[in-house]
Amino acid sequence: MSGVESAPVADWSAGPVLACDFAEWREAARRLIVRRVPPESIQWMQHAGDADLLSAAAVDAAAAVMEGDAESTPHAAPVLRIPRGLMEMLECAACFRVADRWAFLYRVLWRWQHGEQEVLSMADDDGARLQAMVKAVRREEHDMHAYLRFRERPEDKGAPRFVAWFEPAQDVLPQVAQHFVRRMGRISWMIATPDATVLWDGAQLHHAAALLRGPADIEDEGEALWLTYYRSIFNPARLNADLMHSHITTRFWRHLPEAAVVPEMVAQAATGARRTGQSKAVGRRSGTTIPVSAEKAQPQREQPRTLDECRRCELWQNATQAVAGQGPRHAKIMLVGEQPGDQEDLAGKPFVGPAGELLERAMEQAGMDRGQAYITNAVKHFKWELRGKRRLHKTPAQREVLACHYWLQEELNQIGPGVVVALGSTALKSVLQDGGVNLKDYMDEPVQHEGRWVVATYHPAYALRVPDAQAREDARAAIVAALRTAWRLTQDGAA
């Protein structure tokens, strides 16, 4: 549709105007707008028999008005110009089932043509109604895409191979048909509704009147197989009936094949089936139990390429950055702590806070140069909880230690140390890959693991926070002794 110069205002009423679909309405509206016929002068009809107290002669007279003649329009009428966005909204809203839809759409068009652009605003009554109609139609299209179910017909009965029944609340069948033309390819199908039918023969779409009375007219040999499968995957332990019904409204449930068995399964779940967490048929199956570790039971996933990309656990969300290890490329000794602290998280380097200072002094006492050791942590992100304005250390969970062992193993493979010093219980569990080990059981003597020596001792942070002065001194002495043992193992050639 396109803009017009001023034309003389008509002094007659258009009377009844027939519009069976949007195309007819658009053509009629274009002519009426050009002749400046106001909305209140038009009676729109969906069918020829809809006119109240008007005879066929009145309809014929209206047709003559719509045709017009050269003498009734003394000036040539230019073409109207309507924005594409408005025309798309009008076409969409035309699918909304309401008795006055054509009259309403013409009023919107009339107001827009007379400069009332607020007619598209939600603050305007007509604008709010237009947008509500568009939203309802688009929602109906979405629901029809989601809940329409095709049933397969026997192959010997020929086309169409698939048939579906749906009862749309709006007139969206033509648009939805185009969606399934793109989705179904050259397979023949038919969608039946109470008012109309569309058929796709694999090359062309055909529109027809209503051909079926309901879903009972459709035969489907595969429906029994589908219901058997649906029963087998039903898990009563996870059933939330209220949520299920809120997601799928009642009018869609009526024509879904599984709706025939859902009430029975819901009733079984309410009377005790939740105890097993599965259907009775599955619960009675016998077989051999195969023990599988939680780590091996995880599905195969693409591993992150860099530590900064790691999302193997949730700790990255609250950490400033990942803290990788530091030290010589082929160091003979690797020191493994628990996780970065507050200062390490901010600096991006391991053991730079108070615990790092204590560790450096212990290394000096043990005759070890920090620059000769590779220093890292079992967990690469800082786990903390807020106390006032301070971020306080929180011990990583075992699942987080397991998730981060991927990076520790990468470091072990690349550095290839002969001796690993596990500083604390968390580090020892990660190095030995055993969540049940006890630190004190491994502090007396070094042990061999995967071809290298493992020396266990306290974490330097423990020697800082233990309340008893003598205990603090004993912890520091134990750390120094463990570092001396590790250094001796490298000097003696045992590592």
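This passage walks through the overall make-up of the protein, its two five-stranded sheets, a hairpin and its nonpolar cores.

The structure is a predicted model, in which local features need pLDDT of at least 70 and side-chain atom pairs count only at pLDDT 80 or more, while totals for chains, interfaces and linings use all residues. Residues are numbered from 1 along each chain as its sequence is written, and side-chain values use heavy atoms, with hydrogens and water left out.

The protein contains 18 helices and 14 strands; these are DSSP runs numbered from the N terminus, with helices being H or I of at least four residues and strands E of at least two. Of its 495 residues, 42% are buried, where buried means under 20% relative accessible area, exposed over 50%, and partly exposed in between, for a 1.4 Å probe and protein chains only. About 28,000 Å² is exposed, and carbon and sulfur atoms supply 50% of that area, as computed by the Shrake-Rupley method with a 1.4 Å probe, where for residues only the protein chains shown count as cover. Contact here means heavy atoms within 4.5 Å. Among contacts between residues at least 6 apart in sequence, 70% join residues at least 24 apart.

Turning to the sheets, one open sheet has five strands in the order β3-β4-β5-β6-β7, with mixed pairing; two strands pair if DSSP finds at least two bridges between them. Strands β3 (150-152) and β7 (205-209) each have a single partner strand, so one side of each edge strand is left without a neighbour in the sheet. From one strand to the next, the twist averages 20°, with axes being lines fitted to C-alpha atoms, for helices over the stretch in contact, and angles running from 0 to 180 degrees between N-to-C directions. Within this sheet, β4 (residues 162-165) and β5 (residues 189-192) run parallel and are joined by four bridges; W165 stands opposite A192 in β5. Helix α6 (residues 173-184) packs on the sheet and touches β3, β5, β6 (196-200) and β7, its direction making about 160° with that of β5.

A second open sheet of five strands follows the order β9-β8-β12-β14-β13, again with mixed pairing. Its edge strands, β9 (373-377) and β13 (447-449), each pair on one side only. Neighbouring strands here are turned by 30° against each other on average, direction ignored. Five bridges link the parallel strands β12 (residues 419-423) and β14 (residues 452-457), and V421 has V455 in β14 as its bridge partner. Helix α15 (residues 398-415) packs on this sheet, touching β8 (333-337), β9, β12 and β14, and its direction makes about 170° with that of β8.

Strands β10 (residues 384-387) and β11 (residues 390-393) pair in the antiparallel sense over four bridges, with W384 opposite H393 in β11. The two strands form a hairpin with two residues between them, and G388 in the turn has a positive phi of about 70°.

Finally, the nonpolar cores are sets of buried Ala, Val, Leu, Ile, Met, Phe, Trp, Tyr and Cys residues joined through side-chain atoms within 4.5 Å. The largest core holds 52 residues, of which W25, W44, L90, L105, Y106 and W189 touch the most other members. Helix α4 (101-113) is one of the elements that supply at least two residues of this core, and α4 gives the most, with eight residues. Leaving aside neighbours within four places in sequence, Y106 is in contact with W25, A29, L32, I33, V37, P38, P39, I42 and W44. Another core, of 42 residues, lies apart from the largest one and includes V454, V455, A456 and L483.
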